[in-house]
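Okay, thanks everyone. Let me put the model up, and then I'll talk through how the two chains sit together.

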There are 2 protein chains.
Amino acid sequence: MIILAPLIGVLAVLFSTFLYFNIVSKPPGNRKMIEISNAIKEGAIAYLMRQYRTLVPLVLVLTFVLFFAINFPTAISFVLGALFSSMAGFFGMNVSVKSNTRVANYAQKGLSEALKLAFRGGAVTGMLVVGLGLLGVSGLYIFYGDPKLIIGFGFGASLISLFMRVGGGIYTKAADVGADLVGKVEKGIPEDDPRNPAVIADNVGDNVGDCAGMAADLFESYAITLIAAMLLGLALGINGVLYPIFVATAAIISSIIGSFFVRLGKDKDIWKALYRGLLATAIISMAFFFILTVYFFNNINLFFAALSGILVTLAIGYITEYYTLRENKPVREIAEAAKTGAGTNIITGIAVGLKSTFPTAIVIVLAIIASYYFGGVYGIAIAALAMLSLTGIIVSIDSYGPITDNAGGIAEMTGMPSRVRKITDELDAVGNTTKAVTKGFAIGAAALAALSLFVAYAEEAKLTVINILNPSVVVGLFIGGALPFLFSSYTMKAVGKTAFNVVEEVRRQFRTIKGIMQGKGRPDYARVVDITTKAALKEFLLPGMLAVISPIIIGFVLGPQALAGMLAGSIITGFLLAIMMANTGAAWDNAKKFIEQGHFGGKGSDAHKAAVIGDTVGDPFKDTAGPSINPLIKVLNMVALLFASYFIMFSLL
Amino acid sequence: MIILAPLIGVLAVLFSTFLYFNIVSKPPGNRKMIEISNAIKEGAIAYLMRQYRTLVPLVLVLTFVLFFAINFPTAISFVLGALFSSMAGFFGMNVSVKSNTRVANYAQKGLSEALKLAFRGGAVTGMLVVGLGLLGVSGLYIFYGDPKLIIGFGFGASLISLFMRVGGGIYTKAADVGADLVGKVEKGIPEDDPRNPAVIADNVGDNVGDCAGMAADLFESYAITLIAAMLLGLALGINGVLYPIFVATAAIISSIIGSFFVRLGKDKDIWKALYRGLLATAIISMAFFFILTVYFFNNINLFFAALSGILVTLAIGYITEYYTLRENKPVREIAEAAKTGAGTNIITGIAVGLKSTFPTAIVIVLAIIASYYFGGVYGIAIAALAMLSLTGIIVSIDSYGPITDNAGGIAEMTGMPSRVRKITDELDAVGNTTKAVTKGFAIGAAALAALSLFVAYAEEAKLTVINILNPSVVVGLFIGGALPFLFSSYTMKAVGKTAFNVVEEVRRQFRTIKGIMQGKGRPDYARVVDITTKAALKEFLLPGMLAVISPIIIGFVLGPQALAGMLAGSIITGFLLAIMMANTGAAWDNAKKFIEQGHFGGKGSDAHKAAVIGDTVGDPFKDTAGPSINPLIKVLNMVALLFASYFIMFSLL
């Protein structure tokens, strides 16, 4: 029976491949569209390839470390994890850059057709992520027969995800901020204007950050939650190990079925169409979980644990929507505050973001209470896994975002008629919401995944008690709590530094290329892409290494108790900071858009200028620093888990 | 011998009174200066009186609650704590508003004379805070003979401090932002211009926020750390209880002696003059602590615990200076980022603030490790107490800030010659640094004080283990971690709302009062003061009640273990958020001033405009939300400690 799992994994990969060929068979539009799309594609692939190349030595070194310090199977798992994660990111992004021009082209046929294609493009990535994740974990389990030897797979996924999130996040926002600062602010030309030399880099950024970054992030959460659940299941015997695998398997089937429910209704409500797919997947999954729980345990306790995980997803989605959608009070208040200037706009935005952490934390708290009640620590892992069972459909919905964003850009750059532009705008507007909601999902998933790893670490380090009254633990809590602050400081600053390089180059091109403002001189897009790539890759190593090395230092110097405190501290503050940053950024973005719709003076008014500043601050918040915290807290816990046995044997204090 | 403690407390109060009469004996300047000073005084006293009046019913209700739920002595202690804290705040502010005009007047005689007077004005508050603190705690101990019955005194101090910080913080920044937005930005008139109707309210704010608020905050930390040390000392017998009292007593003598070391050297370096006083106090205190430790315990272990507390103060001062002084790289980078706009200025500022949390956390961590090594949990409380032994001199240095700030305002408003203005500017510039450094001290002190209370709570609730692997504790950590975020959201938003009222009123006056811009029509200062007062008092109740009620809800619903997690979570994130906000705000402020000195285009340039926006955002960061977190985490722990025995008996889960 267990052989079913990798088979379903392969099925998902095949479904993804089928969708891929279906998309590339569509006409990509006229020569100019293809030209732009190719430029984006080349830039994106060049960036990813260079990023992977930068990581190869690190992966090799760590493989040797794992081989000598742990064992051979772990080293192999690690390489596979890194490889599968890279593949999910790479192919996902590849389809994304091929879908964009086709969606722009199909927008001429109408909203329904364009939506279908854009979602299909997203689904390629979504199915690939869960398919490769399940294939890797279940395949290795069948091969090794011991979940402990698969931890390396999670670590490989973690490592790639960390660097993809950080590097991609820096890239996307540096290009965006750079393009906006010179183009919109200094030159007064619209977004996605082909005269702006950073316009291609900006579109590349959407793909490497939002698409490849998110895919790697959720691939990691998916894999490590599955592994953590299997590890914690060991205490319940073989059924405890197999149940998570079958839950994940069933979820893939649900996601494939659920994806067919994405269809535009009569009300032409795009968000509803996507949401229907999510809801269908959730309901079908629950039916499967019910059957599986009864089959494996002869009772339905763990079904309720899983249910709480699903409800978390819906609740976080609802809370994120409330605080970030432009129809709602918080965003309108931020927009109104822009009337008295950028200062008040920013103060109000941060207040909204800070506030949004509380209900989100309460939702996580309720899920922890409920799932523990129904299944102990294993129950918490199962709740996390149930939440992540929606990964396939969530990544599909999320990857839809950069595709439509790019499609809009291509429509603008090739001067397509306003009718088409209106459709891509509509698709893109929903893309902003889906991005915010899936970001909330990714943060919640990361927190629960990290929590499962944390418990697994405690078991591995033979800690039955982690006592806050023990000063080692308090010390760990302080250090761990401060880590996401330090890490965010690096990633935010990296955006500033990289953006500075982009600004200088764009200014130089505007100054030196003749006729560029009249649309006669052709900007050197490739050079901006190249500069952004180099600068982003220069900045991403330091914060990345911080995440890998901190638990090793604390583990060896202060010991396993302090390390446990550190892990707990990092999960708490990391979760809160990430939510705060993601929601503040999204709310600022939508407040700006709300003003652009004609409120408080509309486009070009003082309020609008103030809101643009809020949006600029929000960019690294929501797309770099915030999302990068997810892999940070997972990597910290993962490294701790891998080297736990060493920290027991050797530690200074 | 124990009778010495209240006597020295009285001595400090007498010394403060002597300084007070010495100050008011000086000539207050000309008629116009007196007029302005009186307007500030009336506004400040009116605000404080109304604030106290608002709190009287709450204090009465809580007195009854304590009387029935705990016992009569606790209720009495509570009333005394609230009363003494109010007195320290009230008289401190009273001298502050009397010193300002005299410092402006003395500035005509030269820097040295003006500095001496300004510091003396600060010392009135400083000595009053420690004098009343020691008198209250030691007097009640002599009377009751049981430290447990004095906890109420700490709670009274906590409650007043919470509302003073929140209310004063909202007041000061709403008036400041309101005055700046209309005056500087819309009307283009300089700061402290007498034509601005909000100018008096702005000066009132400096006194009620920075002076009375900080005094109440440190009075609270001082009192509760002393009480917590006595409680934890119970385990060591009578010496464990008496030692903290004598440490505090000795520290007052050191502070009085140390205050004489504040004297301007030949290099005319004001900061050095103040710092010399701090260093002298620290060294004399250490000598006393050494003798006391040998006398009480026949060994010097606890001396090293105390030493670590003193070193924390110096280290935090150094770190805060590094990140916020305009001579240093971080501030220059923020200023440079203003060249590319407000967005990059704000991003860089937040990155600096986030980063500054890490070294500060490491300092606290080292102090915890060292003091625990030398004296267990009691050692941690002694380290906190040693840190707070510097309260007298620190409050003196801090209260110097608003005095010189106001003196500068009075010099500007009365059109004193530029020579005088230069001296008040120099004094004020150092005031900004002292404010940042003492803020860092207050946060560090609050964290250690809260930590001592936390341990005392665990003992009172008979918790020998607070296990993070227990889901109740994890749940508590999440809720507690989110509380400072939620609380800051309320306080930041309150500033926005109150500032909005101020802006509307100031605009109305500019519109309706004839000849106001020509200096002929007299603005209605009192009305702005009145509106700010009412609005601030409307906003301060909700966040204040949140702090008092949360531990009771969590204690009764989720039980003492979850409550312990909540307390720990709130200390960690509260400490980090407060440091981040205080340092970010100070760094933005100084980056703006750095540009005003003529860098990157100087005053009026685009970079300057961008930096002004950063400074506006920084105002509620550093003067409202950040400092308000200090009493929040102390009140949470205090309420938990007071009702601990109930949570053991009754809790839902």
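So, a rotation of 180° with 0.0 Å of shift along its axis puts chain B on top of chain A, at an RMSD of 0.0 Å (a least-squares fit on the C-alpha atoms of residues with pLDDT of at least 70 in both). That's the relation of a two-fold axis. In chain B, the residue that comes closest to the rotation axis is B:Asn467, with its C-alpha at 2.3 Å.

Quick housekeeping: this is a predicted model, where local features need pLDDT of at least 70 and side-chain atom pairs count only at pLDDT 80 or more, while totals for chains, interfaces and linings use all residues. Residues are numbered from 1 along each chain as its sequence is written, with chains lettered from A and ligands numbered from 1 in the order in which they are written.

Now the interface. 58 residues of chain B are in contact with 58 residues of chain A, contact being C-beta atoms, placed from the backbone, within 7 Å. Helix 11 of chain B gives the most to that side, 18 residues. By class, the chain B side has 42 nonpolar, 14 polar and two charged residues; Gly goes with the polar ones here. And 100% of chain B's interface residues are also interface residues in chain A, so the copies meet through the same surface.

Last bit, the packing. In the largest nonpolar core, 536 residues, A:Ile227 and B:Ile227 touch the most other members. Core members are buried Ala, Val, Leu, Ile, Met, Phe, Trp, Tyr and Cys joined through C-beta atoms within 7 Å, buried meaning 20 or more other C-beta atoms within 10 Å. Leaving aside neighbours within four places in sequence, the contacts of B:Ile227 include B:Val137, B:Pro147 and B:Phe153.

How values were computed. Contact = placed C-beta atoms within 7 Å. Helix = DSSP H or I, 4+ residues; strand = E, 2+ residues; numbered from the N terminus. Buried ≥ 20, exposed ≤ 12 C-beta atoms within 10 Å, placed from the backbone.
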